[in-house]
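Here is a quick walk through a protein model, written for someone who wants to know what sits where before heading back to the bench. Keep the viewer open and click along.

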Amino acid sequence: MKLVIHGKNIEITDAIREYVHQKIEKAVSHFQNITNEVDVHLSVARNPRINTRQAAEVTIYANGNVIRAEESSENLYASIDLVADKISRQLRKYKERRQEHKTQPIPTNEAVVAEPVADLIGDRTPELPGEVVRTKYFSMPPMTVVEAQEQLQLVGHDFYMFRNAETGEINVIYERNHGGYGVIQPRNPNTNGQTNGKNGKTAQGNISMPEKSKV
């Protein structure tokens with residue numbers, strides 16, 4: 001298993017490196033057969049208006065899937081402890097889900113045409129960053145909407161971008177403010193808001209999902 005440690009606004013000392021190896025390797029020790037690479041990102045956010053926050057983010061690449069957890073506190077070592085516990089729970093959930101898929105038939109879901117999304121932020125105040133501070137690159141293997149919803153739960157974000165296996169287009173699945181999930185698809189102006197997939201079939205849109213598991 002490959003473990004890579006990055007730092008932002010912080011020097012990765014030998015003591016920090018040893019502590020990360022100790023905690024993270026212990027957290028993933030029972031899942032090394034499905035873990036290919038572990039990426040640890042440590043950072044310190046200095047803001048004079050608030051207390052200094054020290055964050056630990058762990059990203060695990062497991063058999064083509066991405067599992068992510070992030071925690072922050074006023075103490076870096078405490079943040080590492082918290083994120084180690086969280087990523088262990090995420091891995092356990094991922095392993096249990098894989099076993100369920102092997103023993104149960106894959107459920108089918110009826111596709112519903114996605115309506116144009118008028119508001120994605122609800123009552124929140126829109127805020128734009130002053131500059132691009134980070135760029136990420138990752139592969140996009142084709143997957144169904146159901147598979148993308150599972151990935152959304154594993155990475156812990158509010159949205160997840162994926163390549164739709166039916167249409168080959170880039171879609172975004174997101175958590176709706178009032179519960180459930182929505183899917184954003186490219187609109188073809190010649191199809192009155194509907195996106196055609198291969199062989200003229202309508203692509204999957206908003207989909208009824210089970211309630212998201214709490215981690």
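## Contacts and overall layout

In the protein chain, 51% of the contacts with a separation of 6 or more come from residues 24 or more positions apart. Bear in mind that this is a predicted model. The chain has 215 residues, and buried ones make up 35% of them.

As for secondary structure, the protein chain has 3 helices and 8 strands. Reading from the N terminus, the order is β-α-β-β-β-α-β-α-β-β-β.

## Two nonpolar cores

In general, nonpolar side chains in soluble globular proteins tend to be buried together. Here the largest nonpolar core has 28 residues, and the members that touch the most others are Val20, Ile24, Val40, Leu42, Val58, Ile60 and Ile67. Two or more residues each come from β1 (2-8), α1 (14-28), β2 (37-45), β3 (53-62), β4 (65-73) and α2 (76-103). The top contributor is α2, which gives 7 residues.

Ile24 is a handy one to click on. Beyond its neighbours within four places in sequence, Ile24 is in contact with Leu3, Val38, Val40, Val58, Val83 and Ala84. There is also a second, separate core of 10 residues, with Tyr160, Phe162, Ile173 and Val183 among them.

## Helix α1, two sides

How far apart are the end C-alpha atoms of α1? They are 21 Å apart, which agrees with the 21 Å that its 15 residues should span at 1.5 Å a residue.

The buried residues in α1 are Ile16, Tyr19, Val20, Ile24, Ala27 and Val28. They cover an arc of only 140° around the axis, so they sit on the same side of α1. The general background is that an α-helix has 3.6 residues a turn, so residues three or four places apart point the same way. Over on the other side of α1, Asp14, Glu18 and Lys26 are exposed.

## An aromatic pair between helices

The count of aromatic pairs comes to 1. It is made by Tyr19 and Tyr77: their ring centres are 4.8 Å apart and their planes are at 80°, so this is an edge-to-face pair. The pair links distant parts of the chain, with Tyr19 in helix α1 and Tyr77 in helix α2, 58 residues apart.

The two tyrosines each have their own setting. Tyr19 is buried, whereas Tyr77 has 31% relative accessibility and counts as partly exposed.

## Two charged residues in β3

Arg53 is in strand β3, and at 33% relative accessibility it counts as partly exposed. Setting aside neighbours within four places in sequence, Arg53 is in contact with Ser43, Val44, Ala45, Ser72, Ser73 and Glu74. One of these gets a polar contact: the Arg53 side chain reaches the backbone oxygen of Ser72 at 3.2 Å. The C-alpha atoms of Arg53 and Leu76 are separated by 8.3 Å, although the two are 23 residues apart along the chain.

Glu57 is in strand β3 too. Is Glu57 buried or exposed? Glu57 counts as buried, because its relative accessibility is 6% and the cut-off for buried is under 20%. Its side chain makes a polar contact of 3.3 Å with the side chain of Arg68.

## A buried asparagine in β7

Further along the chain, Asn171 is found in strand β7 (residues 170-175). Asn171 is buried, with just 1% relative accessible area. What does its side chain pair up with? The side chains of Asn171 and Asn164 are joined by a polar contact of 2.9 Å.

Leaving out neighbours within four places in sequence, Asn171 is in contact with Tyr160, Met161, Phe162, Asn164, Val183, Ile184, Gln185 and Pro186. Tyr160, Phe162 and Val183 are also members of the second core.

## Helix α3 and an unusual loop residue

Helix α3 (residues 145-155) is mostly covered, with 9 of its 11 residues buried. Polar side chains are on that list as well: Gln149, Glu150, Gln151 and Gln153 are among the buried ones, along with residues including Val145, Ala148 and Leu152.

One last stop is the loop between β1 and α1, where you will find Asn9. Most residues other than glycine have a negative phi. Asn9 is not a glycine, yet its phi is positive, at about 60°. With 45% relative accessibility, Asn9 counts as partly exposed.

How values were computed. Residues are numbered from 1 along each chain as its sequence is written. This is a predicted model: local features need pLDDT of at least 70, side-chain atom pairs count only at pLDDT 80 or more; totals for chains, interfaces and linings use all residues. Side-chain values use heavy atoms; hydrogens and water are left out. A nonpolar core is a set of buried Ala, Val, Leu, Ile, Met, Phe, Trp, Tyr and Cys residues joined through side-chain atoms within 4.5 Å. Buried means under 20% relative accessible area, exposed over 50%, partly exposed in between (1.4 Å probe, protein chains only). Helices (H or I, at least four residues) and strands (E, at least two) are DSSP runs, numbered from the N terminus. Contact means heavy atoms within 4.5 Å. The expected span of a helix is 1.5 Å times one less than its number of residues. The arc is that of the directions from the helix axis to the C-beta atoms. A polar contact is a pair of N or O atoms within 3.5 Å; within protein, one must be able to donate a hydrogen and the other to accept it, and residues adjacent in sequence count only if both atoms are side-chain atoms. Rings of Phe, Tyr and Trp (its six-membered ring) pair if their centres lie within 6.5 Å; planes under 30 degrees apart count as stacked, over 60 as edge-to-face and the rest as tilted.
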